[in-house]
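Here is a short tour for the bench, with the model open beside you. We will stop at one strand residue, then the ligand, then some helix packing.

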Amino acid sequence: MAKILSGIPLRDKIKVDLSTVVSLIPEHVRPILSIIQVGSLAASTTYIQGKMKFAKEIGISIQHHVLPNDVSDEEVIDLILILNTDLKVGGILVQLPLPTCMNKEKILESIDPEKDVDGLHSVNIKKHLVNDDSGIVPATTKGIHTLLDFYGIPLKGRRILMVGRSDLVGKPTAIALLNRDATVTVAHHLSVDLPALCREADIIITATGVPGLIGKDHVKAGQIVIDVGITKQDEKIVGDVSFAEVLSIVAAVSPVPGGVGPLTIASLFQNLLRKYTSGITK
Ligand code: GUN
């Protein structure tokens, strides 16, 4: 039976550490996280509620700016420019996805890279690419690495298959793995023979949002499977992995919910508080 790689105890530890850090920052200078949501996509609202709950528990305030679906790029950018100069705002997050008619790149590029807690500004992407740790790494990528490190899973030289090539998760995670000397393959929906690619890997990390994509035919004994998929199906949150199918085959698997998800939120607040946490939480 596989070991279950729960993210919850680790999330709780990070929460305690961050609460301590926040309590040491005088209230009037505590960084506020500003979240911009365009439209009212149910999944985005759920993600934001999770961030708000965590923020409250560690003593951080959130400004939630909800803008209508038909807001223009310029209006969003004008708001970002105001937040960039607001000394009380320590982090700015534009909840994704944006409506498809919007210019996502232009909007993300208007965020001050120092306040880009999502690590999606080109300055931070470049720093990540060249392994310069003065930049900000996307929260999900950071959460995956926090989970792997907590369970003592070595990466150096190992064959890792990243399933999914999104700008938010797949690409930055593949780069982070390369930066840690793993042998990385990236698969996507056009990859030929995904089951065979999966079976060649020591570690499979999947972030596609396709429920049940990875099943018993994709895995073999001894592998580690990290499930980053989050999809609402019949009122339940499910991952990319058929958990029950792989459980009796692989060495370790992260659950959904309760695996990487809680660590993604914790990592976002580590990014927000990075200037205050030297040595306590990375
Ligand atoms: N939508 C789903 N996950 C994320 C995230 O980590 N950051 C942003 N900005 N939007 C998201």
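Contact here means heavy atoms within 4.5 Å. Keep in mind, too, that this is a predicted model.

With that cut-off, let us start at threonine 231, which has its place in strand β9 (residues 231-233). Setting aside its neighbours within four places in sequence, threonine 231 is in contact with Gly209, Pro211, Lys236, Ile237 and Val238. Glycine 209 also turns up in a polar pairing: the side chain of threonine 231 reaches the backbone oxygen of glycine 209 at 3.3 Å.

Next comes the ligand. Which residues surround the ligand? They are Tyr47, Leu93, Val94, Gln95, Leu96, Asp118 and Leu168. Three of these residues place an atom by a ligand nitrogen, as the table sets out.

| Residue | Atom of the residue | Distance to a nitrogen atom of the ligand |
|---|---|---|
| Valine 94 | backbone N or O atom | 2.8 Å |
| Leucine 96 | backbone N or O atom | 2.9 Å |
| Aspartate 118 | polar side-chain atom | 2.5 Å |

So much for the ligand; now to the helices. Two packed helices are described by the angle between their axes and the distance between the axes.

Take helix α2 (residues 42-58) and helix α10 (residues 260-272): their axes are 10 Å apart, and the packing angle is about 55 degrees. The two helices α2 and α10 are therefore oblique to each other. If you look at how they pass, α2 crosses α10 in a right-handed sense. On the α2 side the contact is made by Gly50, Lys51, Phe54, Ala55 and Ile58, and on the α10 side by Ile265, Ala266, Leu268 and Phe269. Sorted by class, the contact of α2 with α10 has seven nonpolar residues, one polar and one charged.

Helix α2 also packs with helix α1 (residues 8-23), at an angle of about 50 degrees and with the axes 8 Å apart. Are α1 and α2 parallel or oblique to each other? That angle falls outside the ranges for roughly parallel, antiparallel or perpendicular, so α1 and α2 count as oblique. Here Arg11, Lys15, Leu18, Ser19 and Val22 of α1 meet Phe54, Glu57 and Ile58 of α2. The class count for the contact of α1 with α2 is four nonpolar, one polar and three charged residues.

Finally, a pair of residues to pick out on your screen: Phe54 and Ile58 of α2 take part in the contact with α10, and Phe54 and Ile58 also meet α1.

Terms used. Residues are numbered from 1 along each chain as its sequence is written. This is a predicted model: local features need pLDDT of at least 70, side-chain atom pairs count only at pLDDT 80 or more; totals for chains, interfaces and linings use all residues. Side-chain values use heavy atoms; hydrogens and water are left out. Axes are lines fitted to C-alpha atoms, for helices over the stretch in contact, and angles run from 0 to 180 degrees between N-to-C directions. Helices (H or I, at least four residues) and strands (E, at least two) are DSSP runs, numbered from the N terminus. Angles under 35 degrees count as roughly parallel, over 145 as roughly antiparallel, 65 to 115 as roughly perpendicular and the rest as oblique. A crossing is left-handed if the near helix is turned anticlockwise from the far one by less than a right angle, and right-handed if clockwise. Ala, Val, Leu, Ile, Met, Phe, Trp, Tyr, Cys and Pro count as nonpolar, Asp, Glu, Lys and Arg as charged, and the others, Gly among them, as polar. A residue is near a molecule or strand if one of its heavy atoms lies within 4 Å of it. A polar contact is a pair of N or O atoms within 3.5 Å; within protein, one must be able to donate a hydrogen and the other to accept it, and residues adjacent in sequence count only if both atoms are side-chain atoms.
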